[in-house]
Amino acid sequence: MMKVSVLGCGRWGTFIAWYVNKVGHDVMLWGRETSRNYIGLKETRKNDYLSIPEDIELSNSLEKAVSFAEIIIISISAQQLRSFATQLSSLNEIKGKTFILCMKGLEATSGKRLSQVFGEEVGKNINLAVWVGPGHVQDFVNDIPNCMVIGSEDIETTKKIVQEFNSDLIRFYYGQDLIGNELGAATKNVMGLAAGMLDGLNYSSLKGSLMARGTREISRLVRAMGGNDITIYGLSHLGDYEATLFSLHSHNRKFGQAIVEGERFGKLAEGVSTVKALRELSIQYDVELPICNAIYKIIFENKNAKETLEDLFLRPVKFEF
C-alpha cells in the first residue's frame, strides 16, 4: 500500500481517487474549500458519477495533502496548472515526490506542454509523469475496462507507477515519447470539437475522414517538435478517438455539436483552449494544421461551420500522402 494524494476533485480527479483506492492504496483527495465539488463531496461523499469510500480522506489543506503522499496526482483544468504549480513550488514537502499530471491540454498562451509548464514552476527536484489515454468515468464505474498510458522521461518512474496502478479495469502501457503522448492527448480534444460539429451538421459519416486526416495532421506537428510521429497512432491520440469523437459522454464532442446547433454547453471542454495553443505551435514550428485552423475560425472568428467544414473536407484536390 502506498500513500497517494489526488489534487482536484472534479469528475476525473474524484474518479482517480476512487480508482487508486480500489486498487489498494491509501488515498487523500484534495479540493479548494470554496469548490462546489469539494463541498458536495464533504456533505454527501458522492457526485453525479460515483460514491467515494469512507477510507478516502477529504482535505482542503494543500500542505497536508502534499505531506501525506509519496505519489501526488494532479487533475485540474490545464489552464490553471501554471498558477497551481507556482503555489506548490512554495511547499518544502514537494522535494523527492512523484507527481503525475492526469489531465489533457496545452497552455493556451504559449503552446507549451503541461510537463513543461509544471517543470518550469516546480523545478527539478521531483519525478514527473503523465497519465493519458481513453476512458470515461461513466464506463469505468460500471466495470467497463480500457487501456491507458503512463509516460515519463524516466523509465523507472514510469515502471513504478504502472506496477502500482495496473488492474483488470485499467491496463497501462509504458509511454516512451513524452512529447507525442502529451501533444496527442491534448489535440484529440480538438478533433472531438470537430466531430461534434460534424454531428450537429448531420455529417457524421465524415468522422472517418476526420480520423484519417486528423492523425496525419498532428503527427506532422509531433515530428516537427522532436517527438515520434508514430505515437499519434497509439493510445494517447488515435486510441482516444472512440471516447472523444463518438461517445455521448465526451464534453468536447458535445461542445462542438452545441456550437453548430446554436446551443450553450456549460461544462469544461479543454479543446477550446488547446486550439488556441495549436495556432501558436503552427506558427512557431511552421506546420500547417488545416483542421485545427478551421475549428479555430469557427469558434473564435465566428466563421460559418457548414461552409468552413465543407471547404476543409470536400473541396481540396490533392494527393492523400
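**Exercise 1.** In which loop is Asp286 found?

*Solution.* Asp286 is found in the loop between α12 (271-284) and α13 (290-300), where helices (H or I, at least four residues) and strands (E, at least two) are DSSP runs, numbered from the N terminus. The model is predicted, so that local features need pLDDT of at least 70 and side-chain atom pairs count only at pLDDT 80 or more, while totals for chains, interfaces and linings use all residues. Residues are numbered from 1 along each chain as its sequence is written, and side-chain values use heavy atoms, with hydrogens and water left out.

**Exercise 2.** Work out whether Asp286 and Arg45 are buried or exposed, and describe their phi angles.

*Solution.* Begin with the cut-offs: buried means under 20% relative accessible area, exposed over 50%, and partly exposed in between (1.4 Å probe, protein chains only). Asp286 has a relative accessible area of 71%, and is therefore exposed. Arg45, found in the loop between α2 (36-44) and β3 (57-59), has a relative accessible area of 15%, so it is buried. Now turn to the backbone. Most residues other than glycine have a negative phi. Asp286, although not a glycine, has a positive phi of about 55°, and Arg45, also not a glycine, has a positive phi of about 60°.

**Exercise 3.** Describe how α12 and α13 are arranged, and say which residues make the contact.

*Solution.* Axes are lines fitted to C-alpha atoms, for helices over the stretch in contact, and angles run from 0 to 180 degrees between N-to-C directions. The axes of α12 and α13 cross at roughly 120° and come within 9 Å. That angle makes α12 oblique to α13, because angles under 35 degrees count as roughly parallel, over 145 as roughly antiparallel, 65 to 115 as roughly perpendicular and the rest as oblique. Contact means heavy atoms within 4.5 Å, and here Val272, Val275, Lys276, Leu278 and Arg279 of α12 meet Cys292, Asn293, Ile295, Tyr296, Ile299 and Phe300 of α13. By class, this contact has eight nonpolar, one polar and two charged residues; Ala, Val, Leu, Ile, Met, Phe, Trp, Tyr, Cys and Pro count as nonpolar, Asp, Glu, Lys and Arg as charged, and the others, Gly among them, as polar.

**Exercise 4.** Describe the packing of α4 with α5, and explain why the buried residues of α4 line one face of the helix.

*Solution.* Helix α4 (residues 81-89) and helix α5 (residues 114-122) have axes 8 Å apart and pack at an angle of about 30°, which means that α4 is roughly parallel to α5. Next, list the buried residues of α4, which are Leu81, Phe84, Ala85 and Leu88. Seen down the axis of α4, these residues fall within an arc of 100°, so they line one face of the helix; the arc is that of the directions from the helix axis to the C-beta atoms. As a general rule, an α-helix has 3.6 residues a turn, so residues three or four places apart point the same way. The buried residues of α4 pack against several elements, including β1 (3-7), α3 (62-68) and α5.

**Exercise 5.** Locate Ile94, and decide whether Ile94 is buried or exposed.

*Solution.* Ile94 lies in the loop between α4 and β5, and with a relative accessible area of 5% it is buried. Leaving aside residues up to four places away in sequence, Ile94 touches Val66, Leu88, Ser89, Phe99, Val122, Asn125 and Ile126.
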